[in-house]
Structures are given as C-alpha cells and as structure tokens.
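Colleague: I'm new to reading models like this one, and I'd like a close look at just one part of it. Could you pick a helix and walk me through its surroundings?

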There are 2 protein chains.
Amino acid sequence: MNKFMKEALKEAKKAYDKLEVPVGAVIVKDDKIISRAHNLRELKCNCLAHAEIICINKACKKLKAWRLEGCDIYVTLEPCAMCAGAIMQSRINTVYIGAKDKKNGCVGSICNLLKENTTATTNYEYLEYDECSSILTNFFKELRNKKRNSV
Amino acid sequence: MNKFMKEALKEAKKAYDKLEVPVGAVIVKDDKIISRAHNLRELKCNCLAHAEIICINKACKKLKAWRLEGCDIYVTLEPCAMCAGAIMQSRINTVYIGAKDKKNGCVGSICNLLKENTTATTNYEYLEYDECSSILTNFFKELRNKKRNSV
C-alpha cells in the first residue's frame, strides 16, 4: 500500500475508535506529511468536521497560505461535494482516493466536480484499496449489530 | 429587500471594506439571526474562509449540533461547490441566494448540487437582488482601476 494512504488509513482508524465514521486524510508536500486528520463530525458537533476539511484547515495554517500549491491529499474515501469543493478551492495538485462512495461521492460517483468545473486545477487518482473500503464496511456492520443487540 | 438579505449584504460590505471579495451570509432560526459572516479568505490565509463556511461553523457552535435543522441561510452570492456541499451537510432548510455566480456557482450555474444529489434535503430560492450583484461588479471594477493606476 502507498505509504501516505497507509497514514491516512491510520487516521481513519482513530476515527473508528472514537465511534466516528472512519475516514482519514493526510496532506503531503515535498514527500512529507504537513497535516493529518480524521472525521470528527459527531464529537465536534460540527458538519464541517470531515477529515479533508480539518486537514486543509491545518495545512493552510501551517503554510500561512490559502493556496496549497505543490500539495497532494490522500483520503481513504471519495470526497463529498463539500470536501471535493474545498480541495478545488485549495488548489491542491492531486487527490488520491482510497475507496469509492457510491452514495455521496462527488469525484466520479454521483457527479465529478473535478471534471465538471472547468476552472478546477486538481487532478485525481483512485487507488481503490480494499482496506479503505473494508474499514467502513466493518464500522457500519458493527454499528448495526450494536443497535440490534440493544433492542 | 428581504430583511435578512439586507443583513447578509451588510456583511458583504464589511468584506468589501477589508478588500475581500464582497460576499456575506446570515443563518436564521425562528425569525432570528443566529450567525453572520463575510468572506475572509485573504486575511485569514485560508481557502475555507468563505462567508457560508464561517457562518455554518458559528451556527454549529452556537446550537452545539451538526444538524442545522429549522435553519435557513441567506447568502449574497450563489454558493461554490464547497459551500453548496457544506449547506447540504448542515441540513439547512432553504438557501436564499442574492446573485448568480455564472463562473463558480453550484446551485444552477455550472451545476446544481442541490438537485443532483438525491440525498440533499435543502431547498433553494433565488432572490436576485441588483444590490447583491452590483457590490461585486463595483469591487472588481475598483480593483482593475487600482491595478491600472499602479502600472
């Protein structure tokens, strides 16, 4: 597995342990991780607290710039509209995606914002690692079991 | 002019005075403004600092909830992909839009995320106030004149 996606997956695991939907992301510049984050929507009580948004926020603060030129983002799940939009806004070079999100993904699943938006300069590549989709499958399976047992 | 769009426009004027692209937003619940914000991308050095994102962030913190159910947002300019996505994520009831953004708008201009995304529960309505588009036209005109005079 790509070493940066492995780190994004470590972030996803942190979310898993906090009972958050397990999605993780890292931003890389010059072959170094400059920010890392995982989904915290429930704990932060904030719909903006997706892994990619927290990660972009940290990277902007670190680089003291709104343009994340020369940066790539590795994310374990296909970004939603908000996150795909934020990635475009940040001018990130390439988004590497671990698993598809057929229900909410906006980089090929329900639409492709990076293609449709003619001003978008961000490229994308699917790595489609089984580990990135199975962590989500396991999470929701466990959640359903817990709910079933609690009835 | 609608009283809440008038307040969003006041926010846009604050951005104008700070040399930021003049876009403003307010979130309303039970006929009261619960958060207000304007674009601060340049000053904050952060691509996430669009009016809508700051406004949603404040509202989530105020309500201590990631779901902004029962809330409406008034924004002077058609939201970009990131902001339209964030509005969907927040479960806001209705987004009222002051002016169209033919280049970047994702609620009807380059695409319509609120229609395409079958899970979206947010409605939208265009109010198309001249004041909301002319503040932007004036801003960019002034910017061009300044640049011309500085050459």
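Modeller: Let's take helix α3 of chain B, whose buried residues pack against β1, β2, β3 and α4 (81-89) of that chain. Packing here rests on contact, meaning heavy atoms within 4.5 Å. The names come from DSSP runs: a helix is H or I over at least four residues, a strand is E over at least two, and both are numbered from the N terminus. Residues count from 1 along each chain as its sequence is written, chains are lettered from A, and ligands are numbered from 1, in the order in which they are written. Keep in mind that this is a predicted model, where local features need pLDDT of at least 70, side-chain atom pairs need pLDDT 80 or more, totals for chains, interfaces and linings use all residues, and side-chain values use heavy atoms with hydrogens and water left out.

Now the helix itself. α3(B) covers residues 51-63, which makes 13 residues, and it reaches 18 Å from its first C-alpha to its last, close to the expected 18 Å. That expected span is 1.5 Å times one less than the number of residues. Its buried residues are B:Ala51, B:Glu52, B:Ile53, B:Ile54, B:Cys55, B:Ile56, B:Ala59 and B:Cys60. Buried means under 20% relative accessible area, exposed means over 50%, and partly exposed is in between (1.4 Å probe, protein chains only). An α-helix has 3.6 residues a turn, so residues three or four places apart point the same way. Right after α3(B) comes B:Lys64, with a positive phi near 50 degrees.

Next, the sheet. In chain B, 5 strands make an open sheet with mixed pairing, in the order β2-β1-β3-β4-β5. β2 and β5 (123-126) of chain B are at the edges with a single partner strand each, so one side of each has no neighbour in the sheet. Ignoring direction, neighbouring strands of this sheet are turned by 20 degrees against each other on average. α3(B) packs on the sheet by touching β1, β2 and β3 of chain B, and its direction makes about 140 degrees with that of β2(B). Those angles use axes fitted to C-alpha atoms (for helices, over the stretch in contact) and run from 0 to 180 degrees between N-to-C directions.

β1(B) is one of the strands that α3(B) touches. This strand spans residues 24-29, and 5 of its 6 residues are buried, so the rest of the structure largely encloses it. With β2 (residues 32-38) of chain B, β1(B) pairs in the antiparallel sense over 6 bridges; two strands count as paired if DSSP finds at least two bridges between them. These two strands form a hairpin with 2 residues in between, and B:Asp30 in the turn has a positive phi of about 50 degrees. Another 5 bridges join β1(B) to β3 (residues 71-77) of chain B, again antiparallel. You can follow B:Ile27 across: its bridge partner in β2(B) is B:Ser35, and its partner in β3(B) is B:Ile73. Further along the sheet, β4 (residues 94-99) of chain B and β5(B) pair in the parallel sense over 4 bridges. There, B:Tyr96 stands opposite B:Glu125 in β5(B).

The other helix in our list, α4 of chain B, also packs against α3(B). In the loop between α4 and β4 of chain B you'll find B:Arg91. B:Arg91 has a positive phi of about 65 degrees although it isn't a glycine. Its relative accessible area is 29%, which is partly exposed.

Finally, how does chain B relate to its partner? A rotation of 180 degrees with 0.0 Å of shift along its axis superposes chain A on chain B, with RMSD 0.0 Å. That's the relation of a two-fold axis. In chain A, the C-alpha nearest the axis belongs to A:Met82, 2.0 Å from it. The same surface serves both copies, since 100% of the contact residues of chain A recur in chain B. The superposition is a least-squares fit on C-alpha atoms of residues with pLDDT of at least 70 in both.
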